[in-house]
Amino acid sequence: MAELTDYLATLDEPERSLLDGIRVRALELAPDATEGVSYGMPALRYRDRPLIAVRAAATHLSVFPFSAAVVEAVAPELGGYSLSKGTIRFTADRPLPPQVLTRIIALRREEIDAAC
């Protein structure tokens with residue numbers, strides 16, 4: 001099943017392309033990741049654990065790395081972005097910096113590898 005791909009297909013541009021870019025980058029860094037559902041959201045799963053999810057809301061886009069530690073680790077690089085325990089919010093006008101996105105995915109992948 002392609003839960004995440006199917007979800008992204010329902011979005012309009014530029015949200016679709018921005019969130020699909022996150023999916024593509026995650027698959028580059030974790031090529032064994034598969035699409036599934038985590039916490040009720042379409043997500044990429046790695047080693048049968050949630051790796052990353054993305055969502056579009058009315059006023060923002062969100063990345064969910066399923067880890068408060070990951071959000072905390074990248075928080076100093078995300079001044080001006082809205083952060084919560086497990087969510088990073090951004091907009092199409094102000095997307096996540098590519099190097100921070102790469103770090104988010106790599107840190108989460110490393111957490112999963114360490115737990116398995």
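**Strand pairing, core packing and salt bridges in the predicted model**

Strand 2 (residues 41-46) and strand 3 (residues 49-56) are paired in the antiparallel sense over four bridges. Helices (H or I, at least four residues) and strands (E, at least two) are DSSP runs, numbered from the N terminus, and two strands are taken to pair if DSSP finds at least two bridges between them. The model is predicted, and local features therefore need pLDDT of at least 70 and side-chain atom pairs count only at pLDDT 80 or more, while totals for chains, interfaces and linings use all residues. Residues are numbered from 1 along each chain as its sequence is written, and side-chain values use heavy atoms, with hydrogens and water left out.

Within the pairing of strands 2 and 3, R45 stands opposite P50, and R49 is the bridge partner of Y46. The two strands form a hairpin with two residues between them, and R47 in the turn has a positive phi of about 55°. On strand 1 (residues 34-38), five bridges provide the link to strand 2, and these two strands run antiparallel. Here G36 is placed opposite A43. The hairpin of strand 1 and strand 2 also has two residues between the strands, and Y39 takes a positive phi near 55°. Strand 3 is in turn paired with strand 4 (residues 61-64) in the antiparallel sense, over four bridges. V54 stands opposite V63 of strand 4, and four residues make up the connection in the hairpin that joins strand 3 to strand 4.

Six of the six residues of strand 2 are buried (under 20% relative accessible area, with a 1.4 Å probe and protein chains only; exposed means over 50%, and partly exposed lies in between). Strand 2 is therefore largely enclosed by the rest of the structure. Both of its faces are covered, with M41, A43 and R45 buried on one side and P42, L44 and Y46 buried on the other.

Helix 4 (residues 98-115) has 18 residues and spans 26 Å from its first C-alpha to its last, close to the expected 26 Å at 1.5 Å a residue; the expected span is 1.5 Å times one less than the number of residues. Buried residues of helix 4 include V100, L101, I104 and I105. The buried residues of this helix pack against helix 2 (15-29), strand 2, strand 3, helix 3 (68-74) and strand 6, contact being defined as heavy atoms within 4.5 Å.

The largest nonpolar core (a set of buried Ala, Val, Leu, Ile, Met, Phe, Trp, Tyr and Cys residues joined through side-chain atoms within 4.5 Å) has 30 residues, and those with the most contacts inside it are L19, I22, L51, I52, F90, L96 and I104. Two or more residues each are given to this core by helix 1 (3-9), helix 2, strand 2, strand 3, strand 4, helix 3, strand 6 and helix 4. Helix 4 gives the most, with five residues. A second, separate core of five residues includes M41, A53, F64 and F66. Not counting residues up to four places away in sequence, L96 touches V63, L78, Y81, I88, F90, L101 and I104.

T87 lies in strand 6 (residues 87-90) and is buried, with a relative accessible area of 10%. With residues up to four places away in sequence left out, its contacts are S62, V63, F64, V71 and S82. D12, by contrast, is exposed at a relative accessible area of 60% and is located in the loop between helix 1 and helix 2. D12 and A56 are 44 residues apart in sequence, and their C-alpha atoms are 9.7 Å apart in space.

Seven salt bridges are counted, each being a side-chain nitrogen of Lys or Arg within 4 Å of a carboxyl oxygen of Asp or Glu. One of them joins R23 and D20 (2.6 Å, N to O); these residues are three apart in helix 2 and are thus separated by about one helical turn. R23 counts as buried at 16% relative accessibility, whereas D20 counts as partly exposed at 25%. E28 and R25 also meet in a salt bridge (2.8 Å, N to O). R103 forms a salt bridge with E77, with the closest N and O atoms 2.2 Å apart. Because R103 lies in helix 4 and E77 in the loop between helix 3 and strand 5 (82-84), this pair ties together parts that are 26 residues apart in sequence. R103 is partly exposed at 32% relative accessibility, and E77 is partly exposed at 35%.
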